Amino acid sequence: MRRADWPVAYQMLVPALLLEGAFVLAPLAIGFWYSLHNVRFFRMRSFVWLDNYWSIITSPLVVNSLVVTVIFSVAALVLTFAIGFGLAVWLQRDTAGHVAMRAIVLVPYMIAMLVGSMLLKWIFAQESGLTPLLLGPFGYGNVSILSDPKTAMAALVYNAMWRDSAFAMIMLLAGLKSLPVQIFQAARVDGASPFYIFRRITLPLLRIPILITLVRLFIHFINTLTFPLILTGGGPANATETVVLRMFRLGFQDNVLGQANALAVLIFAGNIILVAVLLLLFRQAKRL
Amino acid sequence: MSFVPEAPASTAWRRRVMARRLGRLAVNGAIAIIALFPILWGLSSSLKPSAQIAEYPPSLLPRAVTFEHYLRVFNDNVGHYIFNSALVSTGAVALCLIVGALGGYALARFTFRGRGVMMVMTVAIMSIPIASLLVPTFTTLSTIGLIDTRLGLILLYAAYQLPIVIWMLYGYFLSLPVEIEQAARIDGCSPYRTLRKVVLPLSRPGLVAAALFVLVFSWNDFVVAVTMTSSEQARTLPVAIYFYLGFYGREWGPLLAASIISIIPIIGVFIVLQRYFMSGLTGGGVKG
């Protein structure tokens, strides 16, 4: 529009800048400042340089939570993405039945993470009587899923998969829809097999939606607090305590805010590095 | 009757079509069961009398439908938490739409120095994990006296969802023809008046999609609310459900009833506005 309008543009952006500055950028800066101090029960004591970072890096609990986070997010990512992709291909036609199915699949994604995790907790809990009933015939009637480290982790991954496959499906479905139909018709006329078409045409053309879906899912899984906090509470014996849950506990249970902020800064930096690496990898593997 | 040629009436062919249709029905049925079972099981359990909830073997349906758990939850003042959730969600939606429309319009229609930086910042803030902001945000809110208030939650939710709203509305505004706006400007409308009287009425689908996003996030959020509120006065519904988990211990009836109550409004909104949500979920993201 008119060139003389630029002061108006700045004016229009002021509220947005204030909101983001006060509640996103300022906390980022304050968090970093706190991470360099000894903070106990919300009182800043003394400037301690990188001591907090040192105690974070050397804490066995933090190291354990890192391992847990990697196992959980990689397993959840692979399964969620595979199922989401399967659903997208399965439900890609626009018949009434398929559209209705898409809505049904989206329901777990629409409800609160807390509520979804709680409903699954109820299913996995022994009191519900459901798991003993289902596992009894296989001789596992007395197994309590959430109190064995391995099955607790499996339950956590299942929780992620149950909720977020729909997200992967919608993202990939939108990608599939945006592809030109003619290419597929031509390939079919040329006698290409469905598998060949999928491998050689669909996958390469879907590179960008796949990349976006993978990155968003991965970041979401790494930073999720609700799944482990509600479903397993980090237990049994920290077997499902993710990094973010560890940070939450450092800050709001142990009240060592300096260390919690140090871990938050590390998580933030880790996220940035991870996204950068993923984007670079995808740029390199252009041919997929 | 019709001009469609009669299909070859071989029984083998007809049988194959039937088998295919049945197979598809079976797969869709299985998907629907996996997606919805936890919710339906929670609903069914919440309607069972206390004595029947922990019964073994569990029965799929309540023997006698009872609303005792729902009554109990309402006696425990769940109405107050629903009100808080509704207030906070609508507040965040309103704030986000006003600030987001101004920001998105400035980015879509004006050229000014720093515009590129703003665009990059919008995307960058979108990718900041909320988890890493929790601890320092708590400190920030305490400092400015907004901790444990509904206003604090409104501002936080708006700040977290604003980048997505700006991004979505920016895309929507770009897709509108600029000529009507130019005509309005020549007729003497200020940029603000043009936005309000010309652009916003034309942008209803974009506004609805953006509003849905903020609404679902704010209604469902648990992590931000549980860290930023401590008293009943500002507690939202998901946090209240979380506290039921602690208060009632293993008493699942009220817990499940409260969960089902929290699901109902969001499913209602979802059914009415589904298509906006689907388009919004992928808006801008997939074409990259």
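In this predicted model, a good place to begin is a cluster of aromatic residues: Trp6(A), Tyr10(A) and Phe112(B) are linked to one another through ring pairs. Two of these residues belong to chain A and one to chain B. Over all chains, the structure holds 18 aromatic pairs. One of them joins Phe81(A) and Phe85(A) in an edge-to-face arrangement, with the ring centres 5.6 Å apart and 85° between the planes. An angle over 60 degrees is what places a pair in the edge-to-face class. Both partners sit in helix H3 of chain A, which covers residues 60-90, and because they are four residues apart there, about one helical turn separates them. Phe81(A) is buried, and so is Phe85(A).

A second spot worth a visit in chain A is Asn271(A). This residue is part of helix H13, which spans residues 257-284. Is Asn271(A) buried or exposed? Its relative accessible area is 5%, and Asn271(A) is therefore buried, since the cut-off for that class is under 20%. Which residues touch Asn271(A), once neighbours within four places in sequence are set aside? The contacts are Ile219(A) and Asn223(A) from chain A, together with Pro129(B) from chain B. Like the aromatic cluster described at the start, which includes Phe112(B), the surroundings of Asn271(A) thus include a residue of chain B.

Turning to chain B as a whole, its secondary structure is simple to describe: there are 13 helices and zero strands. Read from the N terminus on, the elements of this chain are α throughout. For 288 residues, a compact globule would have a radius of gyration near 19 Å, whereas the value for chain B is 25 Å. Along the principal axes, the C-alpha atoms of chain B fill a box of roughly 70 × 70 × 30 Å.

The residues of chain B can also be viewed by burial and by the contacts they make. Of its 288 residues, 51% are buried. When contacts between residues at least 6 apart in sequence are considered, 71% of them in chain B join residues at least 24 apart.

Finally, the surface and charges of chain B round out the picture. The accessible surface of this chain comes to about 13700 Å², and carbon and sulfur atoms account for 68% of that area. Chain B carries 22 positive and 11 negative charges, and the mean positions of the two sets lie 12 Å apart.

Notes
Residues numbered from 1 in each chain as written. Chains lettered and ligands numbered in written order. Predicted model: local features only at pLDDT ≥ 70, side-chain atom pairs only at ≥ 80, totals over all residues. Heavy atoms only, no water. Helix = DSSP H or I, 4+ residues; strand = E, 2+ residues; numbered from the N terminus. Rg over C-alpha atoms; globule rule 2.2 N^0.38 Å. Buried < 20%, exposed > 50% of the residue type's maximum accessible area, 1.4 Å probe, protein only. Contact = heavy atoms within 4.5 Å. Areas by Shrake-Rupley, 256 points an atom, 1.4 Å probe, with all protein chains shown as cover. Lys, Arg positive; Asp, Glu negative; His and termini not counted. Charge placed at Lys NZ, Arg CZ, Asp CG, Glu CD. Phe/Tyr/Trp six-rings, centres within 6.5 Å; stacked < 30°, edge-to-face > 60°.
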